[in-house]
Amino acid sequence: MAAAVCIVLLSLLLGSCTRPPVREPVTLTLLEEWTTKTFNEGRQQELQQFSQETGIKVKLLPSPESAKEKLALWQELLRSGASGPDVYGIDVIWTRILNEYFIDLKPYFAHEISLQFPAITASYTVDNKLVAVAYRADMGLLFYRTDLLRQYGYREPPRTWDELEVMAARIQAGERAAGKREFWGFVWQGGATEALTCNALEWQASEGGGQIIENDKTISVNNPHAIRAWQRAARWVGSISPRTVGGYVEADALNVWIAGAAFMRNWPTAYVDSQAAGSPIRNKFDITPLPGGKAGRVGTLGGAGLAVSRFSAHPREAVELVRYLSRRDVQMKRARMLSVPPTLPELYDAPEVLEPNPGFALLRQAFRTGIVSRPSNVTGKKYPDVSEAYVQAVHSVLTGEKGAPEAAAALENELVRITGFKKGPPHGDQRTRE
Ligand code: GLC
């Protein structure tokens with residue numbers, strides 16, 4: 001028996017030495033977490049170029065719209081253990097939720113990741129395992145109308161939430177008096193989705209109200225700074241922000257901003273539609289870090305990476321696809337064409353990136369010192385429940401259904417129930433330090 005196995009193996013070995021290998025073209029499947037029409041078109045072009053370079057074909061799978069449904073689908077596919085998609089796009093907050101289903105990419109990308117923003121690489125790493133390679137960086141930013149600021153006598157965009165409120169109210173009143181009845185001061189994402197976690201974390205972290213759950217597992221959300229930050233946002237609803245803001249996701253805020261608003265909180269990718277040919281605000285806006293409070297100015301870290309399934313039948317080719325999609329020149333083109341922020345600090349000095357997105361110049365520093373992370377690392381698989389509970393609590397304050405102190409106290413208890421962690425005060429300044 002052993003001899004037979006040896007003969008078979010030997011003949012395979014010899015066969016492969018003498019005959020040129022006949023290789024069937026491999027087709028990979030890619031499941032992408034981020035899907036907008038513009039981005040999908042760009043991605044198809046990237047995949048064609050990849051196929052031309054490597055001979056490997058890629059099928060881009062459709063994915064559901066909401067983040068919650070996406071995560072549920074990813075989990076279902078991966079839990080089934082079937083070969084399924086080879087490469088998965090994952091939101092930065094999913095690293096620990098899906099870790100066990102993906103191969104360690106560290107051996108293949110040691111050099112590449114040494115060139116990325118350290119905080120970004122860290123958020124895709126679990127116990128020294130690189131779960132995914134980041135291909136787009138993201139952080140919450142303030143978009144503002146340069147023409148209107150000038151017209152209303154403001155030299156600079158707001159540095160604090162107080163300043164933003166005053167400016168937004170004045171510009172809104174002025175524009176409405178001039179006949180723009182639908183004009184708004186400030187639009188953001190108040191709908192009960194993951195985007196509200198990102199917005200509300202920015203309000204509270206900038207006021208010293210903590211990160212909901214601190215890195216040392218302290219549940220800190222029930223504190224006066226966080227409560228005041230939520231109360232402030234509740235006052236925006238129906239004054240400087242539309243009543244319907246409590247239903248907004250990113251695309252809704254973007255539509256209202258393009259139609260007429262002084263300020264918008266959104267991700268840098270909102271740049272491309274704001275600046276599109278035919279956009280009424282083309283060349284009339286800029287970006288700046290979000291306003292701050294007592295603890296400084298912060299934007300929530302977002303973004304996505306690419307991971308290779310443990311069940312892939314073609315891991316070698318899958319790694320090549322990840323390498324290609326995170327490659328410097330591909331990220332540069334994506335930044336140029338689609339305003340997708342690169343994960344490589346060096347690209348924020350590249351004229352090719354800055355020429356179509358001049359505002360991106362500030363992002364290099366902001367990604368180093370101005371980001372706050374959601375508590376996804378510290379809560380791991382429980383993060384979706386933690387975030388959902390937080391969203392429901394904040395949303396009930398925005399709609400006026402509950403008072404902020406009451407909502408924060410109930411949330412604190414619920415987070416204890418979900419995580420088993422202890423209650424305590426926030427640990428001061430949440431900004432990333434290098
Ligand atoms: C953006 C971010 C992502 C975040 C999502 C929330 O896509 O990159 O991290 O979870 O928005 O809507």
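1. A good place to start is W257: leaving aside neighbours within four places in sequence, W257 is in contact with F143, Y144, R145, V187, A262, F263, M264, S274, I281 and F285. Contact here means heavy atoms within 4.5 Å. Please keep in mind that this is a predicted model, in which local features need pLDDT of at least 70, side-chain atom pairs count only at pLDDT 80 or more, and totals for chains, interfaces and linings use all residues. Residues are numbered from 1 along each chain as its sequence is written, and side-chain values use heavy atoms, with hydrogens and water left out.

2. W257 also appears among the best-connected residues of the largest nonpolar core: of its 137 residues, L98, W203, W230, W257, F263, F367 and L415 touch the most other members. The largest share of this core, nine residues, is supplied by helix α18 (residues 383-398). Such a core is a set of buried Ala, Val, Leu, Ile, Met, Phe, Trp, Tyr and Cys residues joined through side-chain atoms within 4.5 Å. Buried means under 20% relative accessible area, exposed means over 50%, and partly exposed lies in between (1.4 Å probe, protein chains only). In soluble globular proteins, nonpolar side chains tend to be buried together.

3. Next, the sheet with β7 and β10. Four strands form an open sheet in the order β8-β10-β7-β11, with mixed pairing. Its edge strands, β8 (184-187) and β11 (285-288), each pair on one side only. On average, neighbouring strands of this sheet are turned by 15 degrees against each other, direction ignored. Helices (H or I, at least four residues) and strands (E, at least two) are DSSP runs numbered from the N terminus, and two strands pair if DSSP finds at least two bridges between them.

4. Within that sheet, strand β7 (residues 141-145) pairs with strand β10 (residues 261-266) in the antiparallel sense over four bridges. Y144 stands opposite F263 in β10, and both Y144 and F263 are in the contact list of W257. Helix α11 (residues 250-260) lies across β7, β8, β10 and β11 and runs at about 155 degrees to β10. Axes are lines fitted to C-alpha atoms, for helices over the stretch in contact, and angles run from 0 to 180 degrees between N-to-C directions.

5. Which way do the residues of β3 point? V87, G89 and D91 point one way and Y88 and I90 the other way, and all are buried. In a regular strand the side chains alternate between the two faces of the sheet. Strand β3 spans residues 87-91 and is mostly covered, with five of its five residues buried.

6. β3 has pairing partners of both senses. Strand β1 (residues 27-31) pairs with β3 in the parallel sense over two bridges, and L31 stands opposite Y88. Strand β12 (residues 299-308) pairs with β3 in the antiparallel sense over five bridges, and L306 is the bridge partner of G89.

7. Helix α8 (residues 161-177) passes a simple length check: at 1.5 Å a residue, its 17 residues should span 24 Å, and its end C-alpha atoms are 24 Å apart, which agrees. The expected span is 1.5 Å times one less than the number of residues. The buried residues of α8 are W161, L164, E165, M167, A168, I171, Q172 and E175. Their cover includes β7, α7 (146-151), β8, α9, α10 and β10. Just after α8, G179 takes a positive phi of about 110 degrees.

8. R232, in helix α10 (residues 224-236), is worth a look alongside α8. Not counting residues up to four places away in sequence, R232 touches W161, D162, E165 and E207. R232 counts as buried because its relative accessible area is 12%.

9. Two non-glycine residues deserve a backbone check. K217 has a positive phi of about 75 degrees and sits in the loop between α9 (194-206) and β9 (218-219); K217 is partly exposed, at 43% relative accessibility. S339 has a positive phi near 55 degrees and belongs to the loop between α14 (328-338) and α15 (351-354). At 4% relative accessibility, S339 is buried.

10. Finally, D216 lies in the loop between α9 and β9 and is partly exposed, with a relative accessible area of 48%. The side chain of D216 makes a polar contact with the side chain of T218 (2.7 Å). A polar contact is a pair of N or O atoms within 3.5 Å; within protein, one must be able to donate a hydrogen and the other to accept it, and residues adjacent in sequence count only if both atoms are side-chain atoms.
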